[in-house]
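Work through the exercises below with the sequence and the 3D view at hand. Each task is followed by a solution in steps.

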Amino acid sequence: MDGLVVVDAANVIGSVPDGWWRDRRGAAERLRDRLAVLAGTGLPDRPGVPGWATRPPVDIVMVVEGAARGVEPVEGVRVENAPGSGDEHIVRVVAAREEGRPCLVVTADQGLRARVTALGAQVTGPRSVRPDGSS
């Protein structure tokens, strides 16, 4: 059974002060495009990334909220618009996965990490999907 990678887009985007706040939607589209590459190659082999997530293809869900809503999906990346809190939607995605399906949530949010690990997911920080490994 293939694993599922769920990305907290707001948290990953906000992890590097690169001017993302001037164009939240554009920042989400750039992250989506980076994730599309990773869907085909696997996530980088970094601390906190389980082996299954480093082997392609990777099933990726990017959860967006606020001004980033409406970003279109691309091949390899399903984009889900959180109707309210992104964290609440991520918890729902993790809870709804098939029983026994491995899941990795990409976020630095400690509260969200606790909630998804209680559902059996693994967690890793934003640097696991950043091109340069920063933050």
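## Exercise 1: a salt bridge between two helices

Task: Classify Glu88 as buried, partly exposed or exposed, then find what Glu88 forms a salt bridge with.

Solution. The model is predicted, and the steps should be read with that in mind.

Step 1. Glu88 has a relative accessibility of 34%, so Glu88 counts as partly exposed; the bounds for that class are 20% and 50%.

Step 2. The salt-bridge partner is Arg115, with the closest N and O atoms 2.9 Å apart. Glu88 belongs to helix H3 and Arg115 to helix H4 (residues 110-117), so this pair ties together parts 27 residues apart in sequence.

Step 3. Arg115 is also checked for accessibility: its relative accessible area is 34%, so Arg115 is partly exposed.

## Exercise 2: a salt bridge within one helix

Task: Identify the helix in which Glu29 and Arg25 both lie, and classify each as buried, partly exposed or exposed.

Solution.

Step 1. Both residues sit in helix H2, four residues apart, which is about one turn of the helix. In general, an α-helix has 3.6 residues a turn, so residues three or four places apart point the same way.

Step 2. The side chains of the two residues form a salt bridge, at 3.5 Å from N to O.

Step 3. Glu29 is partly exposed because its relative accessibility is 27%. Arg25 is partly exposed because its relative accessible area is 34%.

Step 4. For the wider count, a search of the whole structure gives six salt bridges.

## Exercise 3: Arg101 and its partners

Task: Locate Arg101, decide whether it is buried or exposed, and list the residues joined with it in one salt-bridge network.

Solution.

Step 1. Arg101 is in the loop between helix H3 (86-96) and E4.

Step 2. The relative accessibility of Arg101 is 12%, so it counts as buried; the cut-off is under 20%.

Step 3. The Arg101 side chain makes a polar contact of 2.4 Å with the side chain of Asp59.

Step 4. The side chains of Arg101 and Glu98 form a salt bridge at 3.3 Å, N to O. Glu98 counts as partly exposed because its relative accessibility is 47%.

Step 5. Through salt bridges with shared partners, Asp59, Glu98 and Arg101 form one network.

## Exercise 4: the nonpolar cores

Task: Name the residues that touch the most other members of the largest nonpolar core, and the element that gives the largest share of this core.

Solution.

Step 1. This core has 27 residues, and those touching the most other members are Val5, Val7, Leu31, Leu35, Leu43, Ile60 and Met62.

Step 2. Two or more residues each come from strand E1 (4-8), helix H1 (9-13), helix H2 (24-41), strand E2 (59-64), strand E3 (77-81) and strand E4 (103-106). H2 gives the largest share, six residues.

Step 3. Take Val5 as a sample. Leaving out residues up to four places away in sequence, Val5 touches Leu43, Trp52, Ala53, Val58, Asp59, Ile60, Val61, Leu104 and Val106.

Step 4. There is also a second, separate core of 14 residues, including Val63, Ala82, Val94 and Cys103.

## Exercise 5: helix H2

Task: Check the length of H2 against the expected span, and say which elements its buried residues pack against.

Solution.

Step 1. H2 has 18 residues and, at 1.5 Å a residue, should span 26 Å; its end C-alpha atoms are 26 Å apart, so the two agree.

Step 2. The buried residues of H2 are Gly26, Ala27, Ala28, Leu31, Arg32, Leu35, Leu38 and Ala39. They pack against E1, H1, E2 and E3.

Step 3. Just after H2, Gly42 has a positive phi of about 95 degrees.

## Exercise 6: strand E2 and the loop before it

Task: State how E2 pairs with E1 and with E3, and which peptide bond is cis in the loop between H2 and E2.

Solution.

Step 1. E2 and E1 pair in the parallel sense over five bridges, with Asp8 opposite Val63.

Step 2. E2 and E3 also run parallel, joined by five bridges. Here Val63 stands opposite Glu80.

Step 3. Five of the six residues of E2 are buried, so E2 is largely enclosed by the rest of the structure.

Step 4. The cis bond runs from Pro56 to Pro57, with omega near -5 degrees; Pro57 lies in the loop between H2 and E2. In general, most peptide bonds are trans.

Methods:
Residues numbered from 1 in each chain as written. Predicted model: local features only at pLDDT ≥ 70, side-chain atom pairs only at ≥ 80, totals over all residues. Heavy atoms only, no water. Core = buried A, V, L, I, M, F, W, Y, C linked by side-chain atoms within 4.5 Å. Buried < 20%, exposed > 50% of the residue type's maximum accessible area, 1.4 Å probe, protein only. Contact = heavy atoms within 4.5 Å. Polar contact = N/O pair within 3.5 Å; in protein donor to acceptor, adjacent residues only side chain to side chain. Salt bridge = Lys/Arg side-chain N within 4 Å of Asp/Glu carboxyl O. Expected span 1.5 Å × (residues − 1). Pairing = 2+ DSSP bridges.
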